[in-house]
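Colleague: I'd like to learn how to read strands, helices and pockets in a model like this one. Could you walk me through it?

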Amino acid sequence: MSFRAFLAAAAAGLLAIAPASAEPLKTVATFSILGDLVRQVGGDRVTVETLVGPGGDAHVFSPAPADAKKVAEAKLLFENGLGFEGWISRLVAASGSKATAVTASRGVAPRAMAEEGDHDHDSKGHDHGHDHGHDHGGTDPHAWQSVANAKLYVGNIRDALVAADPDGKATYEANAAAYEAKLDALEKDIRDGWAAVPAGRRKVITSHDAFGYYAAAYGVEMIAPQGVSTETEASARDVARIIRQIRAEKIPAVFVETISDPRLAERIARETGARVGGALYSDSLSPADGPAATYLDMMRWNLRQLTAAIGG
């Protein structure tokens with residue numbers, strides 16, 4: 001056998017025993033914030049398709065055939081849970097998907113919201129008389145607004161990826177640990193940011209009630225004339241009550257979320273003299289070229305907008 005033939009045979013033998021390069025694990029996340037968390041943990045070993053993309057509103061999302069195709073092809077389907085994706089079971093059934101469903105919020109202590117017809121309360125338990133329970137079965141689904149909860153999400157994502165792809169265990173665990181360290185730094189920044197704001201000024205009007213977990217975690221009073229879903233309409237009575245409260249308590253700022261109609265907050269601001277603060281990101285990231293393209297960026301952006309408008 002010639003030397004060239006020997007090399008060719010040896011190469012063929014190596015190819016025969018070498019493991020085939022693994023295809024990335026196909027995953028789907030229901031909305032952009034969750035998709036970012038999956039990417040942080042999965043790294044290069046996963047592909048992540050997102051159903052409700054940046055700027056989208058999961059409350060009013062209507063799946064298209066392309067979404068059913070994404071779900072059908074996925075190995076793992078990451079969903080928030082807590083009633084956030086009311087459309088997900090119908091989409092899974094329509095797609096015929098065999099994907100393993102992963103509830104990222106598993107382990108979160110849910111915030112109870114008043115049921116329809118009850119008087120509702122803001123994050124500090126004050127009665128505002130509007131329906132927060134709409135569409136979520138009495139549970140506030142926006143658990144990611146607390147960084148401590150985001151760490152629970154990361155742990156659930158890590159465990160699901162390890163179960164689906166055991167060969168990637170070391171990678172997923174290392175990625176999760178590195179990202180949790182970033183979340184710890186974020187938590188410190190948020191607490192330090194609010195510590196600089198006098199306690200009496202930590203009152204904010206937001207356009208829909210997506211910040212209850214944030215408020216409870218960081219000692220801020222968030223009041224929303226609109227319910228927990230962006231589909232909920234604030235009544236004239238709700239708006240009048242909010243206006244009276246802003247005037248009585250001298251609440252300094254009104255904020256509009258990027259997925260909400262700004263007209264309600266702008267009307268309240270006009271009638272009270274409260275400042276309209278910068279746009280907040282609640283249920284969705286910004287596009288890649290925006291200020292909130294990742295979860296870490298989103299939380300820091302919201303902190304800057306809130307404290308700049310009401311601090312001092």
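Colleague: Let's begin with one bridge: which residue in S4 does Glu 79 stand opposite?

Modeller: Glu 79 stands opposite Thr 103 in S4. Keep in mind as we go that this is a predicted model. Strand S3 (residues 76-79) and S4 are paired through four bridges, in the parallel sense.

Colleague: In what order do the four strands of that open sheet come?

Modeller: Read across the sheet, the order is S2-S1-S3-S4, and the pairing is parallel. Strand S2 (46-52) and strand S4 (100-103) stand at the edges with a single partner strand each, so one side of each has no neighbour in the sheet. On average, neighbouring strands here are turned by 25 degrees against each other, direction ignored.

Colleague: Which strands does H2 touch when it packs on the sheet?

Modeller: H2 touches strand S1 (25-31), S2 and S3, and its direction makes about 175 degrees with that of S2. Helix H3 (residues 65-73) also packs on the sheet, touching S1, S2 and S3, with a direction at about 145 degrees to that of S2.

Colleague: Now helix against helix: at what angle do H2 and H6 pack?

Modeller: Helix H2 (residues 32-42) and helix H6 (residues 169-195) pack at about 120 degrees, and their axes are 7 Å apart. That angle makes H2 oblique to H6. On the H2 side, Asp 36, Leu 37, Gln 40, Val 41 and Gly 42 meet Tyr 172, Asn 175, Ala 176 and Tyr 179 of H6. The residues of this contact divide into five nonpolar, three polar and one charged.

Colleague: And which are the edge strands in the open sheet with the order S8-S7-S9-S10?

Modeller: They are strand S8 (221-223) and strand S10 (275-276), each pairing on one side only. This sheet has four strands with parallel pairing. Strand S9 (residues 253-255) runs parallel to S10, joined to S10 by two bridges, and Ala 253 has Arg 275 as its bridge partner in S10. Helix H8 (residues 236-249) packs on this sheet, touching strand S7 (203-206), S8 and S9, and its direction makes about 150 degrees with that of S8.

Colleague: Last, pockets. What lines the second largest pocket?

Modeller: The general idea is that rolling a probe the size of a water molecule over the atoms shows where empty space is left. The second largest pocket holds about 170 Å³ of space. Its lining consists of Ala 22, Glu 23, Pro 24, Leu 25, Lys 26, Asp 44, Arg 45, Ala 164 and Asp 165. Sorted by character, that lining has four nonpolar, no polar and five charged residues.

Terms used. Residues numbered from 1 in each chain as written. Predicted model: local features only at pLDDT ≥ 70, side-chain atom pairs only at ≥ 80, totals over all residues. Heavy atoms only, no water. 1 Å grid on protein atoms, 1.4 Å probe; cavity = no way out; pocket = protein on both sides within 12 Å on 5 of 7 lines; lining within 4 Å. Points joined across faces, edges and corners; volume = space filled by probe spheres on them. Nonpolar A, V, L, I, M, F, W, Y, C, P; charged D, E, K, R; others polar. Axes fitted to C-alpha atoms, helices over the stretch in contact; angles between N-to-C directions. Parallel < 35°, antiparallel > 145°, perpendicular 65-115°, else oblique. Contact = heavy atoms within 4.5 Å. Pairing = 2+ DSSP bridges.
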